[in-house]
Amino acid sequence: MQEAPRITFPAIEGAPLFARWLGLAPRFDIMATLAKGPVCYTRLLGKRIYFVNDAEYVKRILLDNLANYPKSVTYRNNLRPFLGDGMLISEGEFWKRQRRLAQPAFHLRRLKALAATMAGAAARMAAGWEHGKVVDVMPTMNAVTMEIVAKTLFGADVSRDIGTVGEAMNVLGEETGRIRPTAFFELPEFVTRPRGRRFAEAVATLDAIINRMVAQRRAEIGRGAAPQDDLLSMLLEARDEESGQGMTDRQLRDELVTLFLAGHETTSISLTWTFHLLAQHPAAAARLQAEVDSVLGGKAAPSFDDLERLPYARMVAEEAMRLYPPAYVFSRRAAGEDLLGPWRIPAGAHIIISPYALHRRPDYWSEPDSFKPERFAADGSNVSADRPKHAYIPFGGGPRICIGNSFAMMEHAIVMGAVVRRWRLESIPGHEVRTEPRITLRPRGGLPMRVLRR
Ligand code: HEM
């Protein structure tokens, strides 16, 4: 058993979690910290924060010994004030039951019913651009993924409220997306809860709309109306196998807000980085265009059945999420002492896992910083046989893996297909694209790009 190497503050040099707080942002280099070794730690006011950057150890945390690694206090401090006890945060038997209830809504045959909604929103967005204009890709993708998640969750009911819901969601994302030093400590909720009218009003607005939609839908079901093809109907119908119970209004509200948040921001970020990478790699962009043109013909966006004939689109998405995983760090708490290989992890340690760092480790990936969609070819021709499974975790791993991963991959292919069908996106000369590590990894200051009709 060994003590992991300790990294001191100067060595952190603006690691994302501290960058803003210590004013070191200009020296930010995520790799400098997260790639210090397979395991290292730092101390923050006596609290030990471990960085784990090894696929086998990550597997132990997320899968083999997961009972010892509940979610860290960061989730509760940052997100509970508006996600409540939704699936992203809850633990134990309660989490298990909620996940079991929601899982059927994400089966492929249910997702199939949502593809047309995604295609409609994507095609409308792509039809609204003007040749030669500069578009900020980040908010544009945010708007389309927001519309998609709203409509797939609530169906037609949400149409008149979509603007209000979107605004409230953006406020809540803004208020809770910053990583504060308090994120690492067990503190009462009144200390960590964002203060201020903006936050309280956004929560109240969202709750009022969601509660109204839930009540309406319950009433419709009570009158014997046919269930709709949206996630709200599926969640309302869900019954626990053992108890036969459904969700209460409060549980439904928390899961709906969780799916709303988790379901749009990450996907919009991965689409945004994808368009940046395609503009930097014309050969990959040309291959994607050829694939999309041949599969779509005259259609504006891919249908569900088109997706299996768009393998390169999937490879592009996977490679973009390797280089820029939207959830670039997530965290756990060591409930009891554990060993990761030879390294001792003390009880109470805060553990940070970084898909970003794992996805760029040179011993797992050849030319780790290069954009090469071919590494994800389905025939495995470019996949290194000895790369461990947990070296690629854009959606996390183990039982708490993202419930929306197939939803996200489908949405990514549909939106990307609709854009590529009509447009070529060009980088703006002189605009430096840099990462902005918040709770998610966005491009700093958005991503302006010029849209050119093909
Ligand atoms: C590119 C898009 C996405 C990425 C990169 C992503 C990433 C992740 C990651 C890394 C986790 C695990 C967090 C952890 O273990 O601490 C997670 C969990 C989760 N995601 Fe996603 N996600 C995406 C899209 C979605 C979508 C579209 C939905 C829903 C419609 C969704 C809903 C959730 C939920 C509910 C959880 C919690 C699952 C649980 O703990 O049981 N995500 N996501």
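Which helix lies across β3, β8 and β11? Good morning, everyone; that is where I would like to start. The answer is α9, residues 137-154, and the helix runs at about 60 degrees to β3. Before we go further, please keep in mind that this is a predicted model.

Let me stay with the strands under that question. They make an open sheet of 3 strands, ordered β3-β11-β8, with antiparallel pairing. At the edges sit β3 (134-136) and β8 (423-427), each of which pairs on one side only. On average, and ignoring direction, neighbouring strands here are turned by 40 degrees against each other. If you zoom in on β8 and β11 (residues 448-453), you will find 5 bridges joining the antiparallel pair. One position to click on is Arg424, which stands opposite Leu452 in β11.

Now to the other sheet I want to show you. This one is open too, with 4 strands in the order β1-β2-β7-β4, and its pairing is mixed. Its edge strands are β1 (39-44) and β4 (330-333), and each has a pairing on one side only. Here the average turn between neighbouring strands, direction ignored, is 25 degrees. β1 and β2 (residues 47-52) run antiparallel and are joined by 6 bridges. Within that pair, Tyr41 has Tyr50 in β2 as its bridge partner. As a reminder for both sheets, strands pair through backbone hydrogen bonds, either parallel or antiparallel.

Let's step back to the whole chain. In total there are 18 helices and 11 strands. How does the radius of gyration of the chain compare with that of a compact globule? A compact globule of 454 residues would come out near 22 Å, and the chain has 22 Å, so the two agree. Along the principal axes, the C-alpha trace spans about 60 × 55 × 45 Å. Of the 454 residues, 45% are buried. And if you take contacts between residues at least 6 apart in sequence, 73% of them join residues at least 24 apart.

Next, the ligand. How many residues surround the ligand? There are 23, and the closest are Gly263, Thr266, Gly396, Cys402 and Gly404. Sorting that shell by residue type gives 13 nonpolar, 7 polar and 3 charged. Two helices, α14 (249-280) and α18, each contribute at least two residues to the shell. The largest share belongs to α14, with 7 residues.

Two local spots before I finish. The first is α5, residues 73-83, a mostly covered helix in which 9 of 11 residues are buried. Among the buried ones are Tyr75, Asn77, Arg80 and Phe82. Just after α5 comes Gly84, with a positive phi near 60 degrees.

The second spot also has a positive phi, but in a residue other than glycine: Glu367, with a value near 40 degrees. You will find Glu367 in the loop between α17 (355-358) and α18 (405-422). Is Glu367 buried or exposed? Glu367 is exposed, because just 9 other C-beta atoms lie within 10 Å, and a residue counts as exposed at 12 or fewer.

That's my tour; thanks for listening, and I'm happy to go back to any part of the model.

How values were computed: Residues are numbered from 1 along each chain as its sequence is written. This is a predicted model: local features need pLDDT of at least 70, side-chain atom pairs count only at pLDDT 80 or more; totals for chains, interfaces and linings use all residues. Two strands pair if DSSP finds at least two bridges between them. Axes are lines fitted to C-alpha atoms, for helices over the stretch in contact, and angles run from 0 to 180 degrees between N-to-C directions. A residue is buried if 20 or more other C-beta atoms lie within 10 Å of its own, exposed if 12 or fewer, and partly exposed in between; C-beta atoms are placed from the backbone. The radius of gyration is taken over C-alpha atoms; the globule rule is 2.2 Å times the number of residues to the power 0.38. Two residues are in contact if their C-beta atoms, placed from the backbone, lie within 7 Å. A residue is near a molecule or strand if its C-beta atom, placed from the backbone, lies within 6 Å of it. Ala, Val, Leu, Ile, Met, Phe, Trp, Tyr, Cys and Pro count as nonpolar, Asp, Glu, Lys and Arg as charged, and the others, Gly among them, as polar.
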